Amino acid sequence: MTRRSVSMHCILFLLLLLKIKCVFSDSHYLIGLGSYDITGPAADVNMMGYANMEQVTSGVHFRLRARAFIVAEPYRTRIAFVNLDAGMASQLVTIKVIERLKQRYGELYTEENVAISGTHTHAGPGGYLQYILYLVTSLGFVHQSFNALVDGIEQSIIQAHENLRPGSILINKGELLDAGVNRSPSAYLNNPAHERSEYEYDVDKEMTLVKFVDDQWGPVGSFNWFATHGTSMSRINSLISGDNKGTAARIMEDWFERKDSRVSNDVESHRRVSSIITDPLGDYQDLMEMASLLLSTGGKTVTRMSSVAKRVRSGFRHADKPIFVSAFCQTNCGDVSPNVLGTFCIDTGLPCDFNHSTCGGKNEQCYGRGPGYPDEFESTRLIGERQFKKAADLFTKASEEIQGKVDYRHAFVYFSQLEVTINGQNGGSEVVKTCPAAMGFGFAAGTTDGPGAFDFKQGDDQGNPFWRLVRNLLKNPTEEQVRCQRPKPILLDTGEMKQPYDWAPSILPVQILRIGQLVILCVPGEFTTMAGRRLREAVKTVLKEGSNGREFSVVIAGLTNSYSQYITTFEEYQVQRYEGASTLYGPHTLSGYIQEFKKLANDLLSGQTTDPGPQPPDLLHKQISLITPVVADMTPIGTKFGDVTSDVPRLSKFRKGTDIVTVQFRSANPRNDLMTEGTFALVERWLEGRETWVPVYDDDDFCLRFKWSRPFKLSTQSTATIEWRIPETASPGVYRITHFGSAKTPISSIHHFSGSSSAFVVY
């Protein structure tokens, strides 16, 4: 090689380096987003949230997802944040996800820079936490629920990692006034009057949204934080649902795909339809004749991938384009209810008692009403839609760019005996301690979103002799514990109950993630409104004082990395409503969190390493499961899985916007196959000219509900009922309904099947 050619190669190499540098200098960050199905078992599993043993899954309202973003400074620090359509994060799930990420990526993703947060839906399968208190109603540990979460979280992070590209991040904030009310106003009013006067509302109304913009493709996603409980779906619902936040995410993702220029404009409202579908031509009679020729298929054998291939939204996952991911994250929702019409006695229709949320002294009759009352599905849609509309507005108008370093701090804290320095009554300071975990009597009363049973009531700071006797059979708390938890009357001394293993956590994670001027406080529980305000303000003060007065946007990510129930203010704790009775570590719990987060914030600013603290236990090997396994599925002699048992009438027609189409099939237990990234139910439209069926709605659409039932608990025969509420936006044409399932038979281990109804006309 000549000297001249060597020089030319050097020049080209330097130009290439300069080009790469320019790419990264134009964009401060690498951004990547991902999303994956985490829908757990749709049959036989107790739902996590209401602690109602009769609330057992039996179908799907719409699917649950893990949505992740990764932000990295090129060649430097990165963070990953995952939002789950789940009741809460689980310490055990977090441990196992981090183990998998370390196997794949080494030390790139660890417990320090990965946060996993739950939306707090109360309509997802339970049994995935590791402490006994949270496994009682699910009859122990449910491996399918656990594995669906671990697998889905890992896959969402893998997607986000592989999608990392230069991009920018914008932030915007705004008020949403009609999506949450305080469900414990009497406790809130116990906070100091001067403090309450600083705020216009008794719940936080602000939504904070970050918008991710890829340098090449433009907007690729958004995550927002807003406080309202995932309790629009009631304690008697049995269909898996992401509740109002999952609803908002589904609507916003569909909204963006419709408006995005990369996607065909031939898309129906709140769902997707292939652009090759056109409105039917010809006479209406022709449609009826065509439908009359397309009869029920009967059950048939298919492959496992059949339902995945038919899934409507999978057609939008182009290999060369990032998908749009939108997450509606939870924050300090502890005392915030989506049932915004107020609380009423279901027997009299009168408002519930203000202080105790009772009706005639009983808590069982007092319920909050959502905006769609008495239809919980409509309430879910409305609260979700309200969050979506605000998020879409913030997304569209976002202009403030996030700039600055990416950083994080994380520690494990032993909360059972934490020394906390607080302001003394006579000035100065004093040292107090948190307590081993314990539940008060008011915990058993439940909330106005889902009342408890027996004669418990919120605001009980005395207890009663009978339930104390029952308590003592499990564990009689020590005098020291009673004094520490006072004025909470202890119903369950969970922190000191160790048989057959720990009933409640004692070691908890605290974590701060920073992206420029955005700071995310990751907390393993549900902070009430005022508790969250105090934590945010304390951290803001530390950050501002340590950065020459720079202003930061501080948000709380609730129910993150682990779960330890509620955190109230000291004053709210004195009232002992549900939230105070569920504040595990005593009256100084919030002060403990504030102390530890101020340490993290100081370390973040100074660049100091944070003491990692004691490791929480991994209790996977100790888990006990009492849930009955699926033994076998069967159909009557002469019939097949997938056969239609109740078809649409011949030559039937249905009006869009008003009618409901219902079809029933011979089915099998949904636990045999979770249909991950697939569907149990499908609406297909006949494409005349191509002589084929095209999928248009699946079990990830609000209009389509998959319900599973059987004659009695141990029956080997079961039925799938699929209901299609035909949306106003549906195109006229010829349709059918298809069911996918998997049966466990004595002959073959798993038999995948499908069946389709006769065709019908929609007009």
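Thr610 sits in the loop between helix 15 (589–606) and strand 28 (644–646) of this predicted model. Thr610 is buried, because its relative accessible area of 14% falls under the 20% cut-off. Its side chain makes a polar contact of 2.8 Å with the side chain of Asp603. Leaving out residues up to four places away in sequence, Thr610 touches Arg409, His410, Ala411, Leu600 and Asp603. Further along the chain, Ser625 is 15 residues from Thr610, and the C-alpha atoms of the two are separated by 38 Å.

**Salt bridges**

The structure holds 45 salt bridges. Three of them are set out below.

| Pair | Closest N to O | Relative accessibility |
|---|---|---|
| Asp37 and Arg63 | 2.8 Å | Asp37 2%, Arg63 0% |
| Asp204 and Arg536 | 2.9 Å | Asp204 12%, Arg536 14% |
| Lys397 and Asp393 | 3.0 Å | Lys397 56%, Asp393 28% |

Asp37 forms a salt bridge with Arg63. Asp37 lies in strand 1 (residues 29–37), while Arg63 is in the loop between strand 3 (56–60) and strand 4 (65–72), so the bridge ties together parts that are 26 residues apart in sequence. Asp37 counts as buried, and Arg63 counts as buried too.

Asp204 and Arg536 are also joined by a salt bridge. This pair links distant parts of the chain, 332 residues apart: Asp204 is in the loop between helix 5 (193–196) and strand 10 (206–214), and Arg536 is in helix 12 (residues 529–545). Asp204 is buried, as is Arg536.

The salt bridge of Lys397 and Asp393 lies within one element. Both residues belong to helix 9 (residues 376–397) and are 4 residues apart, about one turn of the helix. Lys397 is exposed, whereas Asp393 is partly exposed.

Salt bridges can also join into a network. One such network links Arg65, Arg67, Asp85, Arg250, Glu253, Arg311, Glu677 and Asp700.

**A buried arginine without a salt bridge**

Arg78 is found in strand 5 (residues 78–84). Arg78 is buried but has no salt bridge. Its nearest side chain of opposite charge is that of Glu73, 10 Å away, so the pair is outside the 4 Å limit for a salt bridge. The side chain of Arg78 does have a polar contact of 2.9 Å with the side chain of Tyr109. Leaving aside neighbours within four places in sequence, the residues in contact with Arg78 include Val71, Ala72, Leu108, His161 and Tyr408.

**Helix 6**

Helix 6 (residues 243–259) has 17 residues. From its first C-alpha to its last, helix 6 reaches 24 Å, close to the 24 Å expected at 1.5 Å a residue. Helix 6 is mostly covered, with 15 of its 17 residues buried.

**Nonpolar cores**

In soluble globular proteins, nonpolar side chains tend to be buried together. The largest nonpolar core of this model has 124 residues, and Phe597 and Trp724 touch the most other members. Apart from this core lies another, of 28 residues, among them Phe69, Ile79, Phe81 and Val220. Leaving aside its neighbours within four places in sequence, Trp724 is in contact with residues including Asp659, Ile660, Val683, Tyr697, Cys703, Tyr735 and Phe760.

Notes: Residues are numbered from 1 along each chain as its sequence is written. This is a predicted model: local features need pLDDT of at least 70, side-chain atom pairs count only at pLDDT 80 or more; totals for chains, interfaces and linings use all residues. Side-chain values use heavy atoms; hydrogens and water are left out. Helices (H or I, at least four residues) and strands (E, at least two) are DSSP runs, numbered from the N terminus. Buried means under 20% relative accessible area, exposed over 50%, partly exposed in between (1.4 Å probe, protein chains only). Lys and Arg count as positive and Asp and Glu as negative; His and the chain ends are not counted. A polar contact is a pair of N or O atoms within 3.5 Å; within protein, one must be able to donate a hydrogen and the other to accept it, and residues adjacent in sequence count only if both atoms are side-chain atoms. Contact means heavy atoms within 4.5 Å. The expected span of a helix is 1.5 Å times one less than its number of residues. A nonpolar core is a set of buried Ala, Val, Leu, Ile, Met, Phe, Trp, Tyr and Cys residues joined through side-chain atoms within 4.5 Å.
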